[in-house]
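I opened a fresh page for this one and wanted to keep my look-ups in order. The structure goes in first, then my notes.

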Amino acid sequence: MSAKKEPSILQGFKAFLMRGNVVDLAVAVVIGAAFTNIVNSVVKGLINPLVGAIGTQSLDHYSSCLKDPCVVNADGSVKSGVPILWGTVIGATLTFVITAAVVYFLMVLPMSKYLARQEARKKAREGTHEVIEVTELEVLKEIRDALVAQRGSGHDER
């Protein structure tokens, strides 16, 4: 009877860390953090000035008051009243939509087109390979049939 040795906790942890999906996830987080800076720069440097040319660059000042008198300090804390800061919500929503559009049009769409082209090339290569295989198979069948026909005709002459 051979007893199976249980892997140590450290060996199990090492195996967990070395799994491909954990490493891929770590890489994705690092790349995502770096990409966040690019997206934020595009939004702050290009999109917000364009939106600011149409209206205002900061929607944070737009609010309504439920209970007067509404006084909000410069740091955003409420001094008195019940203000509804709907400008902040619209600003955050607009930033989200703009960020999502930048990510989609600059990353997702080009990458999906690239992957579709790669898949089409792969299928074209596989299709060519398949045609070659079918042709080779047909040639081999013809050779087999010719050999069978030769054997058949050779037996009749004896």
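Below are my entries, grouped by topic.

**Overall layout**

I started by noting that this is a predicted model. I counted secondary structure next and got three helices and two strands in the protein chain. Reading along the sequence, I wrote the pattern down as α-α-β-β-α. Then I looked up burial: of the 158 residues in the protein chain, 6% are buried.

**The disulfide**

How many disulfides does the structure hold? I found one. Cys65 and Cys70 are the partners, and I read 1.7 Å between their sulfur atoms. For handedness I checked the angle about the S-S bond, which is 85°, and the link of Cys65 and Cys70 is right-handed.

Are the two cysteines buried or exposed? Neither label fits: Cys65 comes out at 31% relative accessibility, so I put it down as partly exposed. Cys70 has a relative accessible area of 29%, so it goes down as partly exposed too.

**Strand 1 and the cis bond**

I then went through strand 1, which covers residues 64–72. Lys67 sits in it, and I logged Lys67 as exposed because its relative accessible area is 55% and the cut-off is over 50%.

Pro69 also has its place in strand 1. Which kind of peptide bond joins Asp68 and Pro69? My note says cis, with omega at about -10°. I flagged that entry because most peptide bonds are trans.

**Strand 2 and its distances to other residues**

Strand 2 runs over 78–84. I looked up two residues there, Val82 and Pro83. Val82 has 37% relative accessibility, so I have it as partly exposed. Pro83 is at 16%, which means it counts as buried, the limit being under 20%.

I also took two C-alpha to C-alpha distances. Pro83 and Leu66 lie 17 residues apart in sequence, and I get 5.9 Å between them in space. Lys67 and Ile84 are also 17 residues apart in sequence, and for that pair I wrote down 9.8 Å.

**Nonpolar surface patch**

Which residues form the nonpolar patch on the surface? My list reads Tyr62, Leu66, Val82, Ile84, Trp86 and Ile90. Together they have about 560 Å² of accessible area. I checked which elements give two or more residues to the nonpolar patch, and those are strand 2 and helix 3. Val82, already in my strand 2 notes, is one of the patch residues.

**Positive surface patch**

Next I looked for charge on the surface. I found a positive patch formed by Lys113, Arg117, Arg121, Lys122 and Arg125. I picked Arg121 for a closer look and placed it in helix 3, residues 86–157. Its relative accessible area is 47%, so Arg121 is partly exposed. That clears the bar for patch membership, because a patch residue needs over 30% relative accessible area.

**Salt bridge**

How many salt bridges does the count come to? I got one. Arg144 forms it with Asp145, and the closest N and O atoms are 3.1 Å apart. I counted that pair because the cut-off is within 4 Å. Where do the two partners stand on accessibility? Arg144 has a relative accessible area of 48%, so I marked it partly exposed. Asp145, at 43%, is therefore partly exposed as well.

**Short recap for myself**

I'm keeping three items at the top of the page. They are the disulfide of Cys65 and Cys70, the cis peptide bond of Asp68 and Pro69, and the salt bridge of Arg144 and Asp145.

Terms used: Residues are numbered from 1 along each chain as its sequence is written. This is a predicted model: local features need pLDDT of at least 70, side-chain atom pairs count only at pLDDT 80 or more; totals for chains, interfaces and linings use all residues. Side-chain values use heavy atoms; hydrogens and water are left out. Patches are made of residues with over 30% relative accessible area and no salt bridge: like charges are joined within 9 Å, nonpolar side chains (Val, Leu, Ile, Met, Phe, Trp, Tyr) within 5 Å. Accessible areas come from the Shrake-Rupley method with a 1.4 Å probe; for residues, only the protein chains shown count as cover. A salt bridge is a side-chain nitrogen of Lys or Arg within 4 Å of a carboxyl oxygen of Asp or Glu. Lys and Arg count as positive and Asp and Glu as negative; His and the chain ends are not counted. The place of a charge is taken as NZ of Lys, CZ of Arg, CG of Asp or CD of Glu. Helices (H or I, at least four residues) and strands (E, at least two) are DSSP runs, numbered from the N terminus. Buried means under 20% relative accessible area, exposed over 50%, partly exposed in between (1.4 Å probe, protein chains only). A disulfide is a pair of cysteine sulfur atoms within 2.5 Å.
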